[in-house]
Amino acid sequence: MKFKPLYFAISLCFLVPGIISLLVFGLKPAIDFTGGSLIELSGEGLQDNREEIKEQIGDLYEISSVQKSGENQIIIRGKEINNETKDGVIAKLEEKYGEIEEKRFGTVGPTLGKELLIKTLTAIVIVSGIITLYVWKQFSELKYGVSAILAMFHDSLILLGAFSLLGHFYGVEVDVLFVTALLTTLSFSIHDTIVVFDRIRELRHRNQRLNLEQVVSAAVIETLSRSINNSVTIILMLLALVLIGGESIRWFAVALLIGAITGTYSSTFTAAPLLLLWESVRKKFKNRG
Amino acid sequence: MLKQLRIFLLIIILTLGAGFVALPNEFALRFNFRDFHLDKQVVKPPVDFNFLGRRIAPRWELKRGLDIQGGMQVVLQANMSEIAVADRELALESAKEIILRRVDMFGINEPLVQTAVRGEDYRIIVELAGISDSAQALQLVGQTAQLEFKLQNQEKASSPAATSSALAWLGTFEETGLTGKQLKRSTVQFDQNTGEPIISLEFDSEGTKLFADITKDNVGGVLAIFLDGFPITTPTINSPILTGTAQLSGNFDVESAKQLNIQLSAGALPVPIQVLEQRNIGASLGQQSVQDSIRAGLVGIGLVMLFMILYYGLRGVLASLALVVYSILTLATYKILGVTLTLPGIAGLLLSIGMAVDANILIFERMKEELRANKPFAHALELGFGRSWDSIKDANLATIMTALVLINPLNFNFLNTSGLVRGFGVTLLIGVLISLFTGVIVTRTFLRLFLKK
């Protein structure tokens with residue numbers, strides 16, 4: 001634990017750009033949350049004529065963007081529309097570009113989007129609440145609970161920041177599945193932290209003479225290979241899913257992957273050092289008082 | 001030792017049984033080796049037997065979610081402004097029945113139609129798999145029900161042509177001008193004398209007059225009630241009814257009376273429906289994603305096994321075997337519980353495979369430490385398991401609780417009910433639970449039996 005400042009510095013390297021991006025660009029919410037419509041079409045010549053397409057169907061409905069997606073595929077986003085308008089749009093484009101396949105269509109009313117936002121926020125509050133209570137019960141000492149939860153926030157912030165950047169530069173949207181990945185990250189984070197803290201507790205019981213710093217160092221070293229090995233297996237699985245897995249869950253897998261990596265890092269290199277930081281700050285206050 | 005062997009045998013039997021369940025009902029077996037060629041279509045023998053007088057013939061099919069097989073999901077809002085508060089639940093139920101009836105007639109496989117009440121909002125969620133013509137499907141779902149009272153023409157009915165086909169028989173009924181509009185309400189009641197369920201119809205003033213006219217002139221005739229062009233009941237007029245309240249009695253049991261009442265209420269309490277959300281998923285998109293994801297999963301499992309074997313040697317081999325047991329058990333559990341597999345669900349499955357070896361790694365690392373402390377092997381093994389158990393249990397509890405929030409098993413209104421999110425939660429939960437079993441019990445048995453030094 002000699003390199004405490006280094007660990008915090010590494011964390012900051014990842015946290016700061018993300019936080020700045022969150023503040024400047026924010027997140028790019030999907031129609032799940034905002035309401036609106038999305039049409040994914042596949043057909044020859046669609047990708048190269050995105051500007052024209054905007055104009056051609058602009059009088060049918062209010063379009064916010066026309067993006068490339070897969071091979072010969074585009075995604076049109078805009079205001080909430082009904083099935084009839086969508087069919088009209090496709091018919092009009094087919095006149096110009098020949099046969100078009102409708103890959104995906106979604107339209108969400110604004111009230112439903114708002115509702116979903118509230119529901120997902122509720123889920124986040126409930127999960128973090130349960131985890132907090134659980135950590136508190138497991139480790140009755142406040143410092144363990146606070147450190148574990150700070151590590152959890154650290155992971156969530158990194159994930160949110162990463163998706164803010166991805167959203168700005170690659171147009172990645174935040175949808176219901178992203179929130180699911182976020183919740184899973186919370187449990188990942190706590191999962192690893194509990195293993196490290198369990199070991200710290202156990203070592204403290206066995207070696208009453210050692211000070212906290214020595215115990216934490218020993219516990220971190222002892223659990224390090226387990227933490228890394230376990231992450232390696234999860235990362236191998238998710239990496240395979242990101243690289244060769246299905247198109248439609250790619251960003252979901254990316255979110256899980258980021259969560260898994262930062263979750264592992266934070267339990268060893270954020271939660272444990274925070275524990276020590278807490279202790280040293282407390283001592284300073286004691287000495288002064 | 002004998003005990004270990006017994007547990008080992010149990011695990012083998014369990015795995016074989018699960019393997020049988022997990023096998024597809026029909027699959028091609030191809031194998032070529034030099035001159036040896038095997039190309040056979042294997043059909044799994046169906047399970048079908050009687051147990052304590054009950055027929056047990058499970059189908060064990062892996063259900064595919066809408067995002068995989070393609071289809072349409074619509075969230076409909078029912079406009080209840082015209083309906084009295086007390087009748088709203090029934091009106092919603094009726095609207096749902098109507099939709100279910102229509103999509104059934106249309107021949108859609110396993111349609112899912114649910115109602116959801118949230119404060120003042122009455123909603124119907126419809127999931128139709130394999131629909132390609134969304135406009136037609138929407139028409140099917142969105143139309144308000146048409147209830148009509150039609151009188152059978154005695155002359156036409158007595159002609160031999162009327163019984164020749166269903167269509168000809170339907171042709172014998174003629175419009176009366178009396179429709180669902182004039183029907184005020186329909187309720188299930190019980191006959192005071194016989195105690196049998198009857199259905200009571202109440203008409204408005206216009207309906208009362210029309211109904212009186214019809215019944216006066218046609219005692220003994222058949223006044224059928226049509227819903228969306230098909231008769232739901234064909235009662236005979238026993239006597240003229242002038243009061244505007246009619247009773248349908250017959251051989252109803254409570255269930256069929258309720259059912260008929262719901263259908264009649266669809267006419268009496270028509271609710272206009274409006275589309276709140278619609279999602280169409282083309283079938284090709286899902287198929288490709290599934291194939292890619294399964295391939296990714298296989299590559300991932302291979303890499304995880306390779307890693308475990310390279311890092312832990314023989315113990316890694318045993319852990320990989322436990323992982324195979326894990327995969328088979330998981331797949332069988334999906335089939336037995338009827339889990340609907342979605343793409344996020346597949347991601348949850350793969351994630352849980354990655355996490356399944358976590359328990360093994362915890363235990364192996366612990367064993368290494370004990371061995372380093374010069375403990376004898378058998379002792380180190382038991383200590384490794386014993387000491388790791390607390391961590392394993394504590395750590396997995398957080399994941400289990402998160403998964404439960406995602407699944408929302410009690411259908412709390414304030415939580416998500418999206419099929420995709422649930423799909424992920426369910427596979428994650430099943431994965432974690434089964435991995436506790438394979439990661440600890442199965443691996444321990446393998447190690448105790450096959451590792452001596």
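This is a guided tour of a predicted model, stop by stop, with a selection to make at each one.

**Stop 1: chain A as a whole**

Select chain A and colour it by secondary structure. Chain A holds 9 helices and 4 strands. Follow the elements from the N terminus and they run α-α-β-α-β-β-α-β-α-α-α-α-α. The radius of gyration of chain A is 24 Å, well over the 19 Å that the globule rule gives for 289 residues, so chain A is more spread out than a compact globule. Along the principal axes, the C-alpha atoms of chain A fill a box of roughly 80 × 35 × 30 Å.

**Stop 2: the domains of chain A**

Colour residues 4-30 and 112-288 of chain A in one shade; the domain assignment calls them domain 1. Give residues 36-108 another shade for domain 2. How far apart do the C-alpha centres of domain 1 and domain 2 of chain A lie? They lie 39 Å apart.

**Stop 3: a helix pair in chain A**

Now select α6(A), residues 142-170, and α7(A), residues 176-206. The two pack at an angle of about 145°, with their axes 9 Å apart. α6(A) passes α7(A) in a right-handed crossing.

Turn on side chains where the helices meet. On α6(A), the residues to show include A:Tyr144, A:Ala148, A:Met152, A:Asp155, A:Leu159 and A:Phe163. On α7(A), look for residues including A:Phe178, A:Leu182, A:Leu186, A:Ile190 and A:Phe197. By class, the contact of α6(A) with α7(A) has 11 nonpolar, 4 polar and 1 charged residues.

**Stop 4: a hairpin in chain A**

Move to β2(A), residues 63-68, and β3(A), residues 73-78. β2(A) and β3(A) pair in the antiparallel sense over 5 bridges. Pick A:Lys68: its bridge partner in β3(A) is A:Ile74. The hairpin of these strands has 4 residues between them. Which residue of this hairpin takes a positive phi? A:Asn72 does, near 55°.

**Stop 5: the sheet of 8 strands**

Show both chains and zoom out from the hairpin. An open sheet of 8 strands comes into view, with antiparallel pairing. Step across the strands in the order β2(A)-β3(A)-β1(A)-β4(A)-β16(B)-β6(B)-β8(B)-β7(B). At the edges stand β2(A) and β7(B), residues 112-118; each has a single partner strand, so one side of each is left without a neighbour in the sheet. From one strand to the next, the twist averages 15°.

Next, add the helices. Select α3(A), residues 50-58, which packs on the sheet and touches β2(A) and β3(A). The direction of α3(A) makes about 145° with that of β2(A). In chain B, select α4(B), residues 134-142; this helix lies across β6(B), β8(B) and β16(B). α4(B) runs at about 35° to β6(B).

Stay with chain B for one more pair. Antiparallel strands β6(B), residues 71-78, and β8(B), residues 121-129, are joined by 8 bridges. Look at B:Gln77, which stands opposite B:Arg123 in β8(B).

**Stop 6: where the chains join**

Go to β4(A), residues 101-108, and β16(B), residues 273-281. These strands run antiparallel and are joined by 5 bridges. Label A:Thr107 and B:Gln278, which are bridge partners.

Now take in the whole contact between the chains. Chain A gives 57 residues to the contact and chain B gives 58. On the chain A side, α4, β4, α5, α7, α8 and α9 each supply at least two residues. Which element supplies the largest share of the chain A side? Select α8(A), which gives 14 residues. The chain A side divides into 28 nonpolar, 19 polar and 10 charged residues.

**Stop 7: the 3-stranded sheet in chain B**

Finish in chain B. Here, 3 strands form an open antiparallel sheet in the order β11-β12-β15. β11(B), residues 183-190, and β15(B), residues 245-248, stand at the edges with a single partner strand each, so one side of each has no neighbour in the sheet. The twist averages 25° from one strand to the next.

Select β12(B), residues 197-203; 7 bridges join this strand to β11(B), and the two run antiparallel. B:Val188 has B:Ile199 in β12(B) as its bridge partner. Last, show α8(B), residues 254-268, which packs on the sheet and touches β11(B) and β12(B). The direction of α8(B) makes about 170° with that of β11(B).

Note on methods: Residues are numbered from 1 along each chain as its sequence is written. Chains are lettered from A and ligands numbered from 1 in the order in which they are written. This is a predicted model: local features need pLDDT of at least 70, side-chain atom pairs count only at pLDDT 80 or more; totals for chains, interfaces and linings use all residues. Two strands pair if DSSP finds at least two bridges between them. Axes are lines fitted to C-alpha atoms, for helices over the stretch in contact, and angles run from 0 to 180 degrees between N-to-C directions. Two residues are in contact if their C-beta atoms, placed from the backbone, lie within 7 Å. Ala, Val, Leu, Ile, Met, Phe, Trp, Tyr, Cys and Pro count as nonpolar, Asp, Glu, Lys and Arg as charged, and the others, Gly among them, as polar. A crossing is left-handed if the near helix is turned anticlockwise from the far one by less than a right angle, and right-handed if clockwise. Domain bounds come from an automatic or database domain assignment. The radius of gyration is taken over C-alpha atoms; the globule rule is 2.2 Å times the number of residues to the power 0.38.
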